[in-house]
Amino acid sequence: MHIDARNIENHTLIEGDICIIGAGAAGISIALEWINTPYRVILLEGGGFEYEARMQDLYRGKTTGQRYYPLDSARLHYFGGTTGHWAGFCSPLDEIDFKKRDWVPYSGWPIQRSDLDPFYARAQKNLDLGPYEYSFPYFHDKDKSLVPLPFDEEAVLNKMWQFSPPTRFGTKYRDAIIKAPNVYLYTYANVCNLTANENASAIKEATVKNFAGKEHTVRAKYFICACCAIQNARLLLASNQQAPKGLGNQNDVVGRFFMEHLEIKSAEIWFADPDPMKLYMFEFGGTKYRAELGISPKKQQEHKILNGTASFTPLEVARKQPAFIDIWIEDKKKREKNMNDFSKRENDSKSAKGYSNFQMFTRVEQAPNPNSRVTLDTEKDELGMPRAMLHWELTPLEKRSIRTIYQIIGQQAGMSQKGRVRLLEYLWDENDHSWPEFTGGGWHHMGTTRMGSDPKQSVVNADCRVHGIANLYMAGSSCYVTAGAPNPTLTLVALSLRLSDHLKKQVNALG
């Protein structure tokens with residue numbers, strides 16, 4: 001059922017068993033799991049079904065530290081969330097990503113890859129992907145024309161991606177949610193505050209506001225925040241009536257450990273002979289799977305580096321493309337021109353049949369860093385909620401890891417007599433820890449309510465429940481402990497399905 005919160009009587013009391021705050025990939029995935037159960041599910045979406053500039057402005061905020069995109073451009077504020085503009089890249093985290101790595105500070109999840117495997121398999125369906133298979137031999141058996149580079153897999157391996165069409169959750173799942181007899185979708189229902197009991201051990205209600213001047217109250221047995229990494233942290237920090245530092249923030253961890261994937265051009269590879277590189281090429285809307293070059297866990301440990309991958313673009317195409325972060329500068333006219341140029345050049349790359357040289361582009365995890373964080377600004381949005389402030393801070397480990405990744409790939413290219421790798425100039429000086437202007441992120445917000453067993457270094461436990469609060473859960477990539485190399489969507493859907501199963505056990509146990 002769908003209810004527009006602007007059109008119901010002011011100060012309406014909305015009650016249910018489960019309240020899900022946010023209707024993006026995480027929130028919708030959870031809601032779908034509860035259809036036709038005996039429980040009343042309240043799904044709250046701040047926006048409507050389409051993009052609205054006024055609604056999007058609620059996500060506007062300030063950034064400091066490493067140059068970053070405008071925050072209101074990084075997430076979409078309507079039903080379906082940011083699946084409205086994602087590109088469909090999907091791959092699971094590696095086993096090493098969940099491990100405690102002595103060279104990666106604050107690493108180590110309280111769960112392992114095997115705990116997520118059943119949920120990864122289920123998430124494939126939500127995202128319109130093929131079977132839960134990500135080994136190169138599986139794809140090579142399907143298509144023998146996918147020829148890998150002749151590198152030693154003990155050093156450099158082929159990390160596989162599958163591509164969603166991409167699935168637009170707001171389109172694909174709208175009817176299923178609206179027609180569900182026990183799911184109540186409220187649009188234009190921005191949650192601005194969570195009210196806890198006196199000792200902040202349980203959530204009593206959520207306060208909902210909208211531009212129509214309406215304010216409503218939502219009460220439920222369980223609350224799930226599925227608003228994205230920045231907004232999940234923002235809501236906890238702003239809900240500070242019973243807990244002065246914010247809910248779940250007794251140890252000043254909420255908002256810390258914000259992570260992104262660094263996405264940056266890093267090297268060039270020059271082959272002795274032209275190569276179509278079919279296994280490694282990508283065409284938006286056409287490619288179903290491809291490989292990127294990854295570094296083996298053995299080499300990651302040996303060289304004490306972060307996990308990352310390298311992808312390829314024909315050099316003559318790449319040299320025409322502006323850095324993606326430059327497209328999103330504040331000058332609107334120049335932004336629109338750059339976006340138009342970028343789109344054309346992306347199309348140009350589709351015609352690649354065989355090239356002798358390629359630009360190599362990195363996606364590497366950010367080391368967990370407590371100084372990379374989300375806090376609240378003194379400025380408030382139109383609904384009276386403090387705006388988010390993001391301080392994105394990198395460490396020398398990220399740059400050293402990128403340099404080492406290409407040194408390892410370069411060694412393999414030379415040993416196999418395939419070609420030579422040339423590092424870009426910003427990587428030449430090992431003592432230079434600065435970053436070039438074209439350094440960008442992948443729009444992948446992670447961390448801020450990280451998972452862990454120690455409340456002094458984490459916000460939620462292994463079941464995504466906020467430490468010390470009996471009925472409050474966080475869903476999505478805000479729970480990530482480390483980022484790994486893959487894009488986050490597949491993992492965040494898998495984590496959401498795991499959370500949903502856990503909640504069903506909790507609810508059923510209560511009768």
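# A walk around the model, starting at Thr-187

Select Thr-187 and show its neighbours: leaving out residues up to four places away in sequence, Thr-187 touches His-2, Ile-3, Asp-4, Ala-5, Glu-45, Gly-47, Gly-48 and Phe-49. Contact here means heavy atoms within 4.5 Å.

Before you go on, two notes. You're looking at a predicted model, where local features need pLDDT of at least 70 and side-chain atom pairs count only at pLDDT 80 or more, while totals for chains, interfaces and linings use all residues. Residues are numbered from 1 along each chain as its sequence is written, and side-chain values use heavy atoms, with hydrogens and water left out.

**Stop 1: still at Thr-187**

Colour residues 183–187 and you have strand 7, which contains Thr-187. Strands (E, at least two residues) and helices (H or I, at least four) are DSSP runs, numbered from the N terminus. Is Thr-187 buried or exposed? Its relative accessibility is 1%, so Thr-187 counts as buried. The cut-offs are under 20% relative accessible area for buried, over 50% for exposed, and partly exposed in between (1.4 Å probe, protein chains only).

Now add Leu-44: Leu-44 and Thr-187 are 143 residues apart in sequence, yet their C-alpha atoms are 6.3 Å apart in space.

**Stop 2: the cysteines**

How many disulfides does the structure hold? The count is 0, a disulfide being a pair of cysteine sulfur atoms within 2.5 Å. Click on Cys-19: the nearest cysteine sulfur belongs to Cys-225 and is 8.4 Å away. Cys-19 is buried, at 0% relative accessible area. Then try Cys-90, whose nearest cysteine sulfur, that of Cys-228, is 18 Å away. Cys-90 also has 0% relative accessibility, so it counts as buried.

**Stop 3: an open sheet**

Next, pick out strands 4, 15 and 16. These 3 strands form an open sheet in the order 4-16-15, with mixed pairing. Two strands pair if DSSP finds at least two bridges between them. At the edges you'll find strand 4 (62–65) and strand 15 (373–380), each pairing on one side only.

Zoom in on strand 15 and strand 16 (residues 386–392): they run antiparallel and are joined by 5 bridges. For one bridge pair, select Thr-375 and its partner in strand 16, Met-389. In general, strands of a sheet pair through backbone hydrogen bonds, either parallel or antiparallel.

Now show helix 9 (residues 229–238), which lies across strand 15 and strand 16 and runs at about 60° to strand 15. That angle runs from 0 to 180 degrees between N-to-C directions, using axes that are lines fitted to C-alpha atoms, for helices over the stretch in contact.

**Stop 4: salt bridges**

Stay on helix 9 and select Arg-234 with Asp-381: their side chains meet in a salt bridge (2.7 Å, N to O). The rule is a side-chain nitrogen of Lys or Arg within 4 Å of a carboxyl oxygen of Asp or Glu. Arg-234 sits in helix 9 and Asp-381 in the loop between strand 15 and strand 16, 147 residues apart. Arg-234 is buried at 3% relative accessible area, and Asp-381 is buried at 8%.

Which residues do salt bridges with shared partners join into one network? Select Asp-57, Arg-60, Glu-379 and Arg-387 to see it.

Finish with Arg-67 and Glu-437, whose side chains form a salt bridge (3.5 Å, N to O). Arg-67 lies in the loop between strand 4 and helix 3 (71–74) and Glu-437 in the loop between strand 17 (419–423) and strand 18 (440–441), so the pair ties together parts that are 370 residues apart in sequence. Arg-67 counts as partly exposed at 27%, while Glu-437 counts as exposed at 60%.
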